[in-house]
2 protein chains.
Amino acid sequence: MSSSTTSCGLSADKKRVTRQIAAGGTGRAARVLIGGGAPVTVQSMCDTDTRDAKATLAQIEKLYEAGCQIIRVAVPDAGAAEALGRICAQSPLPVVADIHFDFRLALASLKAGVSKIRINPGNIGEASRVKAVADACKERNVPIRIGVNSGSVSREKLAKMPLEDAMAQSALEQLGQLEALGFQDVCLSVKAPSVKQTLAVYRRVAALTDAPLHLGVTETGTSFMGIVKSAVGIGALLCEGLGDTLRVSLTADPVEEVRAGIAILKACGLRREGLELISCPTCGRCRIRVGEIANAVERALDGVKTPVTVAVMGCAVNGPGEARAADIGLAGGDGKGVIFKKGEIVEAVSEEHMLARLLAHIKDFIKQTEVATSHG
Amino acid sequence: MSSSTTSCGLSADKKRVTRQIAAGGTGRAARVLIGGGAPVTVQSMCDTDTRDAKATLAQIEKLYEAGCQIIRVAVPDAGAAEALGRICAQSPLPVVADIHFDFRLALASLKAGVSKIRINPGNIGEASRVKAVADACKERNVPIRIGVNSGSVSREKLAKMPLEDAMAQSALEQLGQLEALGFQDVCLSVKAPSVKQTLAVYRRVAALTDAPLHLGVTETGTSFMGIVKSAVGIGALLCEGLGDTLRVSLTADPVEEVRAGIAILKACGLRREGLELISCPTCGRCRIRVGEIANAVERALDGVKTPVTVAVMGCAVNGPGEARAADIGLAGGDGKGVIFKKGEIVEAVSEEHMLARLLAHIKDFIKQTEVATSHG
């Protein structure tokens, strides 16, 4: 594939170069790299009461199964920090402690074994407290995310400058504060509920530091609109080469956040995993039941991780062209169709046997890929 | 709001300047402007058999109710072209005839009264046929969309250059062909199933012509992944100032395409309509039932067109900050909360009465806005 360029000459495929930080690598949790060329990871946040370690761990397991790679939990009080001991010991994912206002909760979370701290130094208080947190993180080799949200920018800054400038300045000042303490293992997030403002702030920050970026649009609302806002905001930045880890924030089950995050990475071509479905929108030219077949293929391949691109096309106009680009493709005609494999017609099929034959070819392809990979 | 700039200095708020085309304005269908500073419009395509005028009109009514502004129908044969007479006479939306291969179907559709023609001159055949279509369009003041899809680009071009170049070259050659015939009322689409390729081709074409752009990612698959791909692809272009009309292509009910299209415009800040919900993702700090309240607000405001931004925030960390930015906001605490209106606290509420009081304030706000607008 050729490299694509934006209208202003910026290479859209060129990943921004950042320093690298790492979280996890203790207990069951894999070590996850952020930035420095590592693949973009998907995060979520528990909506359980952190003090309830059992419920929190059960949710973490569900999120892990869904493909979540880093999990954050709120630490609003000492009870939550205490529960972190058990949570971190048993979590299959690196655990990030979300800290606001009270630096002692950060210190307690570190003692409990968290893999990463999210703070907003702006609400942690005086410099000595920020230093205490940075020192404790350094000692344990634990990175910090500076999470600036539009809602928590200081009134003084907002009185002097537009929100985007206030947020960028806030993030960079707080980054500077940690760097001045000799602490470099920092990533940044600068989330706003407005997609346009989110894009503007991330672009500003990206141009002024090499710290990895945690992407997100914040407080996006319930599932449908939240996924659309996140896909536009996070997707636009990823397609520009910005972003090293992400969280989709939804007022919904966190499993939906993970599902949406993975979908955004796939849409941006940053992850190939499982089914990539190319299916036409069934217009009045359509002569086969594309929707039914497409849905059946999705169901049959649920949980499959091996990448496979499948085309399900209803007619001869775009069908054969798209189907050629797929690993396996079906292009329908009147009550019949042809199955393509990597551009070659392998079989003509009747409508009755279309789905079964398509699935058989897909499963063969997956098996062959898996054999080739295990011998590769 | 300040103007935002990308990292390469392109103003993200700056709309690309294009020529303007118009469709509709006959019968029940409003005249819809495309390009030249007109608001970006949302299109869809019927999946009915066009020969069944009754079913097609019933679907068009449903799409019109959902907010669709332009509707396309497939015209695969003479029967479909004939049915267009009744469809165009009764449609509440401008009707676009989708033509492939046979220029006579374009001529028949024009006679039947369509408001716009979508052709792929590459598969219409020799120059005299393209001229016949352009002449008939000119006579009736009907614009043409040149719709290039990755699947229908010529093999000769693909053998010589990357897909993105082949698609851009194809679109510009076909535009040039119409312009050489003195026909200027053209918009372009250059859709691929890959988001990255779609972005690259639209950016290339945008830099080389002032024709309005019809945005879309094609053959995106079933609803969930299709919406994510479309939001990333269409959203990224809209946020760069590209795009004058759009269609989300889904293997699903076309009503979902319209809903997704409107959501993308709202996410990009290009449309304010009805509820803009800012709600937090309910972490372990959350002390009120944000999800329930947010969903109840959505349900209560279903169908409302007056723009209103409502914040539903679970805690004191980001809550008050975000709620201040909303027209009406609720920030929860332990079993209680405060309602904000344009930054001012208007009421402290118990958990029991929270939702009812929030809805009452929202309805008041909407009523006042409507009164102010009708007197404005």
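**Figure 1. Who sits around A:Ala134 in this predicted model.** Apart from residues within four places of it in sequence, A:Ala134 is in contact with A:Ile144, A:Leu178, A:Leu181 and A:Phe183. You'll find A:Ala134 in helix α4 of chain A, which covers residues 127-140. Its relative accessibility is 1%, so A:Ala134 counts as buried, the cut-off being under 20%. For a sense of scale, A:Lys191 is 57 residues from A:Ala134 in sequence, and their C-alpha atoms are 23 Å apart.

**Figure 2. A:Pro143, in the loop that follows α4.** Here we're looking at the loop between α4 and β7 (144-149) of chain A, where A:Pro143 has its place. A:Pro143 has a relative accessible area of 1% and is buried. Leaving out neighbours within four places in sequence, its contacts are A:Ile21, A:Ala22, A:Ala23, A:Ser115, A:Lys116, A:Ile117, A:Phe183 and A:Asp185. A:Phe183 also turns up among the contacts of A:Ala134. If you go looking for A:Val312, its C-alpha is 45 Å from that of A:Pro143, with 169 residues separating the two along the chain.

**Figure 3. Strand β6 of chain A and its partner β5.** Strand β6 takes in residues 116-119 of chain A. A:Lys116 and A:Arg118 point one way from the strand, A:Ile117 and A:Ile119 point the other way, and all are buried. Strand β5 (residues 95-98) of chain A runs parallel to β6(A), and three bridges join the two. To line them up by eye, start from A:Val96, which stands opposite A:Lys116 in β6(A). Two residues of this strand, A:Lys116 and A:Ile117, are also among the contacts of A:Pro143.

**Figure 4. A:Leu84 and the largest nonpolar core.** Nonpolar side chains in soluble globular proteins tend to be buried together. In this model the largest nonpolar core has 172 residues. Which residues have the most contacts inside it? They are A:Leu84, A:Ile117 and B:Ile117. Not counting residues up to four places away in sequence, A:Leu84 touches A:Thr50, A:Val73, A:Val75, A:Val95, A:Ala97, A:Ser109, A:Ala112 and A:Val114.

**Figure 5. Helix α7 of chain A and what covers it.** This helix runs over residues 195-208, 14 residues in total. From first C-alpha to last it reaches 20 Å, close to the 20 Å expected at 1.5 Å a residue. At its start, a side-chain oxygen of A:Ser194 comes to within 3.4 Å of the backbone nitrogen of A:Lys196. Is α7(A) mostly covered or mostly uncovered? It is mostly covered, with twelve of the 14 residues buried. Among the buried ones are A:Lys196, A:Gln197, A:Tyr202, A:Arg203 and A:Arg204, as well as A:Val195, A:Leu199 and A:Val201. The cover includes α6 (163-180), β8 (186-191), β9 (214-215) and α8 (223-239) of chain A. Chain B joins in too, through its α8 (223-239) and α9 (254-267).

**Figure 6. The eight-stranded sheet of chain B.** Strands of a sheet pair through backbone hydrogen bonds, either parallel or antiparallel. In this open sheet the pairing is parallel, and the strand order is β8-β7-β6-β5-β4-β3-β10-β9. The edge strands, each pairing on one side only, are β8 (186-191) and β9 (214-215) of chain B. Zooming in on one pair, strand β3 (residues 41-45) of chain B runs parallel to strand β10 (residues 245-247), joined by three bridges. One match to pick out is B:Thr41, whose bridge partner in β10(B) is B:Thr245.

**Figure 7. A:Gln59 in helix α1.** Helix α1 of chain A spans residues 53-66, and A:Gln59 has its place there. Is A:Gln59 buried or exposed? A:Gln59 is buried, because its relative accessible area of 12% falls under the 20% cut-off. Its contacts, leaving aside neighbours within four places in sequence, are A:Cys46, A:Asp47, A:Thr48 and A:Pro254.

**Figure 8. A:Thr306 and its polar contact with A:Glu370.** Chain A is divided into domain 1 (20-267) and domain 2 (275-374), with 39 Å between their centres, taken over C-alpha atoms. A:Thr306 is in the loop between α10 (290-300) and β12 (308-313) of chain A. With a relative accessibility of 12%, A:Thr306 counts as buried. Beyond residues up to four places away in sequence, A:Thr306 touches A:Gly274, A:Ile366, A:Thr369 and A:Glu370. The side chains of A:Thr306 and A:Glu370 make a polar contact at 2.7 Å. A:Glu61 is 245 residues from A:Thr306 along the chain, and 22 Å separate their C-alpha atoms.

Note on methods: Residues are numbered from 1 along each chain as its sequence is written. Chains are lettered from A and ligands numbered from 1 in the order in which they are written. This is a predicted model: local features need pLDDT of at least 70, side-chain atom pairs count only at pLDDT 80 or more; totals for chains, interfaces and linings use all residues. Side-chain values use heavy atoms; hydrogens and water are left out. Helices (H or I, at least four residues) and strands (E, at least two) are DSSP runs, numbered from the N terminus. Buried means under 20% relative accessible area, exposed over 50%, partly exposed in between (1.4 Å probe, protein chains only). Contact means heavy atoms within 4.5 Å. The expected span of a helix is 1.5 Å times one less than its number of residues. A polar contact is a pair of N or O atoms within 3.5 Å; within protein, one must be able to donate a hydrogen and the other to accept it, and residues adjacent in sequence count only if both atoms are side-chain atoms. A nonpolar core is a set of buried Ala, Val, Leu, Ile, Met, Phe, Trp, Tyr and Cys residues joined through side-chain atoms within 4.5 Å. Domain bounds come from an automatic or database domain assignment. Two strands pair if DSSP finds at least two bridges between them.
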